Amino acid sequence: MSRSGLVEAVPHPVWWDGREVSPTSDPLVGHATADLVIVGGGLTGLWAAIEAADAEPGRRIVVLEQGIVASGASGRNGGFISDSLTHGLTHGVSQWPDEIETLVRLGRENLQAIVDFVDREGIDADLRLCGKTMLATRPHEVAALQNLAALHRRFGDDATFLDQTAARADVDSPTYLAGVRLRIGGLLHPVALTCGLRDAALARGVVLHERSRAIDLATGAAGAVVRTESGSVLAAQALLATNAFEPLLKRLRLMVVPVWDHVIATEPLSTDQIAAIGWSENQGLTDAGNQFHYYRRTPDDRILFGGYDANYYYGSSRSADLEHGPSHLLLERHLRETFPQLEDVAVTHAWGGMIDTTTRFNAFTGVARQGRIGYALGFTGLGVAASRFAALTVLDQLAGRETERTSLRMTQRKPLPFPPEPVRWTGVQLTRAAMAREDRTGRRGALLRTLDKFGVGFDS
Ligand SMILES: Cc1cc2nc3c(=O)[nH]c(=O)nc-3n(C[C@H](O)[C@H](O)[C@H](O)COP(=O)(O)OP(=O)(O)OC[C@H]3O[C@@H](n4cnc5c(N)ncnc54)[C@H](O)[C@@H]3O)c2cc1C
């Protein structure tokens, strides 16, 4: 009997089960001073805190988080960790052809540094460099995956094209027509990583205040003042790591739009259910379209299944109500189409999160107000590893240091802004429709080709 309808699904990330999902620090009350105040207690803010503290022990660093650590995207994501700083190699080659070799090297070094840090600090984040398999589910995607495998090999990656028999021998879905097994990057437990970074920051003397929403940011001769409902922090510099949330700095408001991404997770699979699928290497899986699913097994052998239906709402709505809706039912249908073997498996969790989408698909950093404010955001759905790189880059910029990171064209050039409403909403919907059409037909239409020329796109 099929079990559908999400009646049993709890409305929070599966990653929150059995973890601290309550505050571990007090709200900011009264006036405080610091050398650096960081707004946002996700991966970007925490990496920035850790790296700033390691670079200059004794520096007074305060992190303000409006919810709790890991309540944003850092505690809601799929846990795919990638070496790419450019939203994938294909995109990097097309956007930054002159410096892609450097970006690939820096991305690999960044991933390795995360692996080393997690190891050194003893963070139990279930980090496995198991790579992933990308799968073709439409005939025109087969050749695209052959090209992708060749491109990765050209950059020295371990990438194997799998024909339909080989793809299905590895992970058995009737929807698969071919695949590419990429042995780069891997999977982790996102809440465990984020809380591990929080503990590493606290151990370095960083002061954290959760339930402390920054409502105002001002600068003057003495530095930057960040105000919350019940207090304020005066610091020499402020760093904004607020991802897809309403930016405190006006100039960022057209640079990033919030796109809602949805995820479901099943109950733990039995040994027989896993055997019916195969999946012996327990790697991450994604499909190859513009609108793609990402899916994986959790440490307790549930299937986490997310993506596809990235939604933008008029006026960049960030209303919490948007987390739940029909996208979850669509995901459930797609999960059962992908794995009909799992007809009986219950969906136990359904959640969503906001993705900080830029017109160029990858993060940007910078400083404002005579170097008193720095910002790092715009990961467009691939920030688990790139957040560390962006944190280091903005720390360089705040310190006025010229480094390999700051001299990248990717760092020096900002993404094109989104237009204001109502043109923004219309533009996003037209682009989404064009991408869905390309997925169906394999043909990149005129609108997408034009946007490509300007390095503009829309993705989750
Ligand atoms: C559903 C989903 C799946 C994803 N899957 C993947 C994946 O598999 N792999 C991958 O690489 N990336 C993935 N991503 C993207 C990845 O999670 C993010 O890029 C990354 O976590 C960004 O970290 P962050 O610290 O910048 O943002 P966040 O984790 O969102 O942190 C920003 C923090 O700032 C706080 N904040 C905002 N405004 C204020 C304010 N005014 N005052 C105080 N605090 C404030 C927020 O509460 C939040 O905690 C996914 C994202 C989503 C939503």
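In the predicted model, Pro422 is placed in the loop that runs between helix 10 (409-412) and helix 11 (423-441). The peptide bond leading into this proline from Glu421 is cis, with omega near 5°.

Helix 11 comprises 19 residues, for which a rise of 1.5 Å a residue predicts a span of 27 Å; the C-alpha atoms at its two ends are 27 Å apart, in agreement with that expectation. Val428, Thr431, Ala434 and Met435 are the buried positions reported for this helix. Viewed down the axis of helix 11, the buried residues are confined to an arc of 130°, and they therefore line one face of the helix. Thr426, Ala433, Arg440 and Thr441, by contrast, are exposed and lie on the other side of helix 11. Just after the helix, Gly442 adopts a positive phi of about 80°.

Positive phi values also occur at two residues that are not glycine. In Asn243, phi is near 50°. This asparagine belongs to the loop between strand 11 (231-240) and strand 12. With a threshold of 20 or more other C-beta atoms within 10 Å for burial, Asn243 is classed as buried because 27 such atoms lie within that distance. The second case is Trp279, whose phi is positive at about 60°. Trp279 is located in the loop connecting helix 7 (271-277) with strand 13 (284-287). Its C-beta neighbours inside 10 Å number 21, and Trp279 therefore also counts as buried.

The ligand is surrounded by 41 residues. Gly40, Gly42, Gly72, Gly353 and Gly383 are the closest of these. Several secondary-structure elements contribute to the shell: helix 1 (43-55), strand 12 (257-266) and strand 16 (347-357) each provide at least two of its residues. Classified by residue type, the shell around the ligand consists of 21 polar, 16 nonpolar and four charged residues. Glycine is counted in the polar class, so the five closest residues named above, Gly40, Gly42, Gly72, Gly353 and Gly383, fall under that heading.

Definitions and conventions
Residues are numbered from 1 along each chain as its sequence is written. This is a predicted model: local features need pLDDT of at least 70, side-chain atom pairs count only at pLDDT 80 or more; totals for chains, interfaces and linings use all residues. A residue is near a molecule or strand if its C-beta atom, placed from the backbone, lies within 6 Å of it. Helices (H or I, at least four residues) and strands (E, at least two) are DSSP runs, numbered from the N terminus. A residue is buried if 20 or more other C-beta atoms lie within 10 Å of its own, exposed if 12 or fewer, and partly exposed in between; C-beta atoms are placed from the backbone. The expected span of a helix is 1.5 Å times one less than its number of residues. The arc is that of the directions from the helix axis to the C-beta atoms.
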